[in-house]
Amino acid sequence: MADQKYLDYIIEQLKNILAIDSPTGYTKEAAAYVAKQYELLGYQPKITTKGSVLVDLGGEDKEDAILLAAHCDTLGGMVKEIKANGNLRITPLGGMNPNNSETENVKIITKTDKVYEGTLQLDNASIHVNREYNDTKRSFDNMEVVLDEITASKEETQKLGISVGDIVCFATRTRITSSGFIKSRFLDDKLSVAILLGYAKYLKDNSIVLKHKMYHYVTVYEEVGHGGAASIPSGVKEMISVDMGCVGEGLGCNERQVSICAKDSHGPYNYEVVKGLIDAAKDNNLDYCVDIYPFYGSDVDVALAAGYELRHGLIGAGVYASHGYERSHIDGVRNTLDLLISYCK
């Protein structure tokens, strides 16, 4: 299966992509970076009208093509209100959760491209002052971005150029441990984007022409539910979302495995595709798990809802603490890459 050099390449790309802020709705720079990496591999990516990256990787059967989708948009925030004290109320972009984003460092990107720093805190965040600190339910309505600027009023913050609608980006805190664990915000789904790049490199390096024409599709609105709703090329009959594999209580997957999803909150995945993925994993002795995701939707679900006639599947490296400070493992990356190689050939 894939050599170590492809895993090294994936980790390098993951670090680079994670370093580019791309909350949903603010993804131009990240998409441009991904497109450039496909160009460097010898492909000719296109940026769609919505800002996604679509790449033709070649292959023989143009009328029974396969599309692999991942997404580079992440969770984040947007300035909702400048408070009287100069701090910011925010509204979440995607499923950013106030319970695991409290005390996180953030960047505010203004519409004039000025960048300011701050921290998301509970209102009145000093425990020695706030008797209700422990009992307060966290929500974005009682939390604020405390700006790292000299400001104590709405007017002073406005003079900085900050306004409603500005983008709020959360720190990733990316770390790769010596034991192979990958920890960061937004592994969902930048880890899969890096895996697709690694797979594209594998095909190019080994001059592999697949039996079925293949496209890669890196979408930019998955976190708000319409990433895969458009721009799927003619001839595509099968679409597999390469996204986060769920890890948690009641599921069998761990971070070292590739997860094959049989059903999510929208319903079952195509039986033949699921079975084919399982057979490919078994035939190649991959470490995999089949699970049902109770609270999950993917770009493939969206494509079907948009009216595309497709066989559909979903796989991904196991990721723990989804939509929080997430964790995966290099073995999960290896198993996911090898499953793509074995299934798509």
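# Exercises on a predicted protein chain

With a relative accessibility of 41%, Arg-173 counts as partly exposed. This residue returns in Exercise 5. The model is a predicted one.

## Exercise 1. Overall form

Task: Establish how the radius of gyration of the protein chain compares with the globule rule for 345 residues.

Solution.

1. Eight helices and 19 strands make up the secondary structure of the protein chain.
2. The radius of gyration is 21 Å, close to the 20 Å that the globule rule gives for 345 residues, so the chain is as compact as a globular protein of that length.
3. The C-alpha trace spans about 65 × 40 × 40 Å along its principal axes.
4. Among contacts with a separation of 6 or more, 77% are between residues 24 or more positions apart.
5. Of the 345 residues, 57% count as buried.

## Exercise 2. Surface and charge

Task: State what share of the accessible surface belongs to carbon and sulfur atoms, and how far apart the centres of the positive and negative side chains lie.

Solution.

1. The accessible surface comes to about 15,100 Å², and carbon and sulfur atoms hold 48% of this area.
2. The chain carries 36 positive and 48 negative side chains.
3. The centres of these two sets are 2 Å apart.

## Exercise 3. A sheet of three strands and a residue in its edge strand

Task: Determine which strands stand at the edges of the open sheet that contains E10, E11 and E19, and classify Ser-328 as buried or exposed.

Solution.

1. The strand order in this open sheet is E10-E11-E19, and the pairing is antiparallel.
2. Strand E10 (175-176) and strand E19 (326-329) each have a single partner strand; they therefore stand at the edges, and one side of each is left without a neighbour in the sheet.
3. E11 (residues 181-184) is joined to E19 by four antiparallel bridges. Within this pairing, Lys-183 has Arg-327 of E19 as its bridge partner.
4. Ser-328 belongs to strand E19. The cut-off for a buried residue is under 20% relative accessible area; with a relative accessibility of 0%, Ser-328 counts as buried.
5. Beyond its neighbours within four places in sequence, Ser-328 contacts several residues, including Phe-181, Ile-182, Leu-187, Leu-191 and Glu-255. Its contacts also include Gly-180, Ala-317, Gly-318 and Val-319.
6. Cys-344 is 16 residues from Ser-328 in sequence, and the C-alpha to C-alpha distance between them is 23 Å.

## Exercise 4. Pairing senses and strand faces

Task: Find in which sense, parallel or antiparallel, E7 pairs with E6 and with E8, and E15 with E17.

Solution.

1. E6 (residues 105-109) pairs with E7 (residues 115-122) in the antiparallel sense over five bridges. Ile-109 stands opposite Val-115 of E7.
2. Five residues separate E6 and E7 in the hairpin that they form, and Asp-113 in its turn has a positive phi of about 70 degrees.
3. E7 is also joined to E8 (residues 143-147) by five bridges, and these two strands run antiparallel. Here Leu-122 is placed opposite Met-143 of E8.
4. E15 (residues 258-264) and E17 run parallel, with five bridges between them. Cys-261 faces Asp-291 of E17 across this pairing.
5. The covered face of E17 (residues 288-292) consists of Cys-289 and Asp-291, whereas Tyr-288, Val-290 and Ile-292 form the uncovered one.

## Exercise 5. Backbone geometry

Task: Locate Asn-124 and Arg-173, give the phi of each, and identify what kind of peptide bond leads from Asp-188 to Asp-189.

Solution.

1. Most residues other than glycine have a negative phi, and most peptide bonds are trans.
2. Asn-124 is not a glycine, yet its phi is positive, at about 55 degrees. It lies in the loop between E7 and E8 and is partly exposed, with a relative accessible area of 43%.
3. Arg-173 likewise has a positive phi, near 55 degrees. Its position is in the loop between strand E9 (167-170) and E10.
4. The peptide bond from Asp-188 to Asp-189 is cis, with omega near 10 degrees. Asp-189 lies in helix H5 (residues 187-205).

## Exercise 6. A loop residue

Task: Decide whether Thr-48 counts as buried or exposed, and list the residues that it touches beyond four places in sequence.

Solution.

1. Thr-48 is in the loop between strand E1 (46-47) and strand E2 (53-56).
2. The relative accessibility of Thr-48 is 14%, and the residue therefore counts as buried.
3. Not counting residues up to four places away in sequence, Thr-48 touches Leu-54, Tyr-217 and Ser-231.

How values were computed: Residues are numbered from 1 along each chain as its sequence is written. This is a predicted model: local features need pLDDT of at least 70, side-chain atom pairs count only at pLDDT 80 or more; totals for chains, interfaces and linings use all residues. Side-chain values use heavy atoms; hydrogens and water are left out. The radius of gyration is taken over C-alpha atoms; the globule rule is 2.2 Å times the number of residues to the power 0.38. Buried means under 20% relative accessible area, exposed over 50%, partly exposed in between (1.4 Å probe, protein chains only). Contact means heavy atoms within 4.5 Å. Accessible areas come from the Shrake-Rupley method with a 1.4 Å probe; for residues, only the protein chains shown count as cover. Lys and Arg count as positive and Asp and Glu as negative; His and the chain ends are not counted. The place of a charge is taken as NZ of Lys, CZ of Arg, CG of Asp or CD of Glu. Two strands pair if DSSP finds at least two bridges between them.
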